[in-house]
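Biologist: Could you take me on a close look at one charged residue in this chain, and at the part of the fold around that residue? I would like a connected walk through its surroundings.

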Amino acid sequence: MIRPPSIPSLDARIQVAVLGATGTVGSRLVERLVKHPWFQLAEVAGSERSEGQALHTRVAPGTRLAPEVAGLRLRSVDGPFRSHLILS
């Protein structure tokens, strides 16, 4: 019998960083990672002019940000990052 892969608990999700989180593709990644069963959005990075600002102030209009990520502070794309996976 083949067993389906188990889904980790929310506490055991893999921490992910998104580079370019304020751009078109980065914003879409952020939207999809919010309630993902295997990944937790832990860090976001953007351009130098975005660094230090809250994510919700820099994303494109119409981007649906969940409250739990809207306040994430944008970091430099140069890091360092503590996440286990970095997407761009």
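Modeller: Happy to! A salt bridge here is a side-chain nitrogen of Lys or Arg within 4 Å of a carboxyl oxygen of Asp or Glu. Please keep in mind that this is a predicted model. By that rule the count comes to six salt bridges, and one of them joins the side chains of Glu31 and Arg32, at 4.0 Å from N to O.

Let us stay with Glu31, which sits in helix H1. Glu31 counts as buried because its relative accessible area is 17%, and the cut-off for buried is under 20%. Apart from its neighbours within four places in sequence, Glu31 is in contact with Gly62, Thr63 and Arg64.

With Arg64 there is also a salt bridge: the side chains of Arg64 and Glu31 meet at 3.8 Å, N to O. Arg64 belongs to the loop between S2 and helix H2 (67-70), while Glu31 is in helix H1, so this pair ties together parts that lie 33 residues apart in sequence. Unlike buried Glu31, Arg64 is exposed, at 63% relative accessibility. Widen the view a little and you find a network of salt bridges linking Arg28, Glu31, Arg32 and Arg64.

Now for the setting of the helix. Four strands make an open sheet with parallel pairing, in the order S3-S2-S1-S4. Strands S3 (74-76) and S4 (85-87) stand at the edges with a single partner strand each, so one side of each has no neighbour in the sheet. On average, neighbouring strands of this sheet are turned by 40° against each other, direction ignored. Helix H1 (residues 24-33) packs on this sheet and touches S1, strand S2 (39-46) and S4; the direction of H1 makes about 160° with that of S1. Strand S1 (residues 14-19) pairs with S4 in the parallel sense over three bridges, and Ala17 stands opposite Ile86 in S4.

The sheet offers a salt bridge to set beside those of Glu31: the side chains of Arg75 and Glu43 meet at 3.3 Å, N to O. This pair links distant parts of the chain, with Arg75 in strand S3 and Glu43 in strand S2, 32 residues apart. Glu43 is buried, at 2% relative accessible area, whereas Arg75 is partly exposed, at 27%.

Stepping back, the chain has two helices and four strands, following the pattern β-α-β-α-β-β along the sequence.

Definitions and conventions: Residues are numbered from 1 along each chain as its sequence is written. This is a predicted model: local features need pLDDT of at least 70, side-chain atom pairs count only at pLDDT 80 or more; totals for chains, interfaces and linings use all residues. Side-chain values use heavy atoms; hydrogens and water are left out. Two strands pair if DSSP finds at least two bridges between them. Axes are lines fitted to C-alpha atoms, for helices over the stretch in contact, and angles run from 0 to 180 degrees between N-to-C directions. Contact means heavy atoms within 4.5 Å. Buried means under 20% relative accessible area, exposed over 50%, partly exposed in between (1.4 Å probe, protein chains only).
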